[in-house]
Every structure is written in C-alpha cells, then in structure tokens.
Amino acid sequence: MKRTLWLEDGMKFVGKGFGAPADTMGEVVFQTGMTGYQEILSDPSYCDQMIVLTNPLIGNYGVNREDFETTIPMAKALIVKEACDTPSNFRSTATLDATLTRFGIPGLSDIDTRMLTRHLRAKGVMRGVLIDGELTWDEVQSRFDEESPNDQVARVSTKRTYVSTGTGPRIALIDFGAKLGIMRELMKRDCEVVVFPHDATAEDVLRYEPDGIMLSNGPGDPKDVPTALPLIKHLMPMTPMFGICLGHQLIALANGANTFKLPFGHRGANHPVLELETGAVTITSQNHGYAVEETSLLDTPLIVTHRAVNDGTIEGVRHLHHPTFSVQYHPEAAPGPFDANDLFDRFMQLVQENKQKVGI
C-alpha cells in the first residue's frame, strides 16, 4: 500500500504503508534511540506526534504485554526505514504492524529516514500530513490550515483519582501523561501512590494527606496547562515535590520563569547531562520539545542544578527555600539507561526528612 508523508514546507516522502489504514496529521519529530520502540510508541508525551525512528530496522524483537508505558498509545504515526514482519524474541506476543493496527495508528516505511531527520534538524520540527495514495501539494495545503489542538494533557491524563497501595510513604502523582515507569519506580520503593487527574486542585490532593508530590511527564506546551500552577504554588511549601519533564517545566512556570520551544527537541536514550554540584555526567533518556528559558530564572527562587552537555540547555532546577526539585530528563528511563534512577531515592530521602521534621 502506497503511503505519502507531506511536510508543512512542501517536502514529500513516498513509501510503504503498514499499521492502520488511516490518514492523519501531526507534528513530525525524530527519536534517536537504538532500541525501545514499544516504550517510545506508548509514551503519552508523544500524543499528536508522528515519530521518526532513526534506527534503520524497527520491529525485529516484536511487541510484548509488559513494556507498554500506557494502555492506549496516542502517537499519530510511526515512521521507519524498515519495518520487520518476522520478529524473533521469546517475549514477543505481536508484530509491530499488528500493534499499530490494533491502536489505529498508521505507519510509514521504506523511506529515507536519515534524509528526513537531517531535514528536521536543519529546519526544525514541523507538522506533517500522512495519506494513503498521493495528493498534490495544493490538495494537501488545505489540511495544514486546520488549527492544531492544545488539549493533549487532558486527553492522556487519568479522568479519576485512584490508589495503588503500598506500605511506605504516600505519594501524590499528578498525571499530566505519566509513564507507567514512574509508577513502577515509586512502587519499587514501597510507596502508596495516589494518582490524580491533571486538573486536580490543591484541596483535592491535601485531602489524602500525601507525604510527597510527584509531577509527571506529559505532552504539548507547558503553557497549555495553567490549572497546574496554583496547585504547585500551594503545595511547594508544604511537602517535598519532584517534577519530571513537563512537571519540571511547570515548576519553573509556577515560580515565575519562562519556557520556550526548542528547534527540534531532545528525543533519545543517550543524552549526556552534567550535574553542576558534583561535576558528574549522566547518560539520560529524554523526550521533550520545550525547555526552561535561562534568563527568566534570574528573579526566581530556583537555581540550575543540571545542564545538557550537547547544547547547554537547562536540565534540572532546585528551589532555594522548599524541598522542590525537578529534571527535564527521564530518570525512570524506559527506554534508556538507568544512570539517573537514584533521583527517586533522593526524593524518598526528602520525604523521610520532611516526615521527621513535622514529627510524623
């Protein structure tokens, strides 16, 4: 089946369709991880995005039940050089093609993904239209006139509060599009995790008397989630808070800083990050299109703790007066290295210190 990708600037790629037989439109982004396509595809942060995987062969170890990062992937499309139809792995229960079809996600293969990635690096990420068959540029242009949605967080977040029991500290996880990896890391540490919708109020959260607050990752522009800022401002002085990715950006906004869109973002599993206090470099998993603006931190109570080695952008901040910290990368990995996993232990230490301080 012939399938065509049109980019917003008029560039065209014609290849072979697989997965769901559907036309779609979304932001075209590239991901440089060598493995982990199942976790990438099911990461809620890719909501409304067409994912270009730079590794040339995708699908060779199949798909299994355990490695999903959400129950219903929300990516718009998957674009690869070659899609393997005959996976070989003892854990595999389905092919990539069957999985995409199951979730209604179209795929495109047999195109030059290296050329596409280089184009996005030079021009910046942009919207694309993926269609079966082929249309003229004039016919495609009208589709780009449609306004892009900005409700991604509302669509990927839980609609109700629920509890995962544990014998340790009670952690309130605000779900802006949380990967299951975050929940797994908290449960490994015996936490009782109470998961709240993205628009929960401080009163909603305090009703459960949490020992700590976790702000999850999520898709889209952090400025499209203004309901989170009053909650963060209210809870920061009261209990330890740890933000990841979108949660990191929201902590910055709640403290008076600004965010901006990166030309092509950081999406991969081998991004080096420097911790300023120790000088240690950690290899991290990243997936974000926005970053905290450097100069906007000058008049805030936040200090920079981590920087990206590749481009110097801010990768972590800490509050000067409250037990609040955040990172732009993913310490839960999935997919990626586990170098930064100890940040969950740091969070647990803050939680325990705060409990002792208030005499609990």
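Let me start with Ser296, which in this predicted model sits in the loop that links strand S16 (281-292) to strand S17 (302-308). Is this serine buried or exposed? Its relative accessibility is 14%, and because buried means under 20%, Ser296 counts as buried.

What does Ser296 touch, once we set aside its neighbours within four places in sequence? The residues in contact with Ser296 are Gly256, Ala257 and Asn258, and for Ala257, which lies 39 residues away along the chain, the C-alpha atom is separated from that of Ser296 by 4.8 Å. The side chain of Ser296 also reaches the backbone oxygen of Glu293, at 2.7 Å.

Turning now to the interior, the largest nonpolar core is made of 24 residues, and those with the most contacts inside it are Phe176, Val205, Ile232 and Leu250. Several elements each supply at least two residues of this core, including strand S11 (170-174), helix H7 (202-206) and helix H9 (246-254). If you look at Leu250 and leave out residues up to four places away in sequence, you will find that Leu250 touches Phe176, Pro222, Val225, Ala228, Leu229 and Ile232. Another core, of 23 residues, lies apart from the largest one, and among its members are Met183, Met214, Leu343 and Val351.

Finally, the whole protein, which has 10 helices and 19 strands. Its radius of gyration is 20 Å, close to the 21 Å that the globule rule gives for 360 residues, so the protein is as compact as a globular protein of that length. Of those 360 residues, 57% count as buried, and among contacts between residues at least 6 apart in sequence, 74% join residues at least 24 apart.

How values were computed
Residues are numbered from 1 along each chain as its sequence is written. This is a predicted model: local features need pLDDT of at least 70, side-chain atom pairs count only at pLDDT 80 or more; totals for chains, interfaces and linings use all residues. Side-chain values use heavy atoms; hydrogens and water are left out. Helices (H or I, at least four residues) and strands (E, at least two) are DSSP runs, numbered from the N terminus. Buried means under 20% relative accessible area, exposed over 50%, partly exposed in between (1.4 Å probe, protein chains only). Contact means heavy atoms within 4.5 Å. A polar contact is a pair of N or O atoms within 3.5 Å; within protein, one must be able to donate a hydrogen and the other to accept it, and residues adjacent in sequence count only if both atoms are side-chain atoms. A nonpolar core is a set of buried Ala, Val, Leu, Ile, Met, Phe, Trp, Tyr and Cys residues joined through side-chain atoms within 4.5 Å. The radius of gyration is taken over C-alpha atoms; the globule rule is 2.2 Å times the number of residues to the power 0.38.
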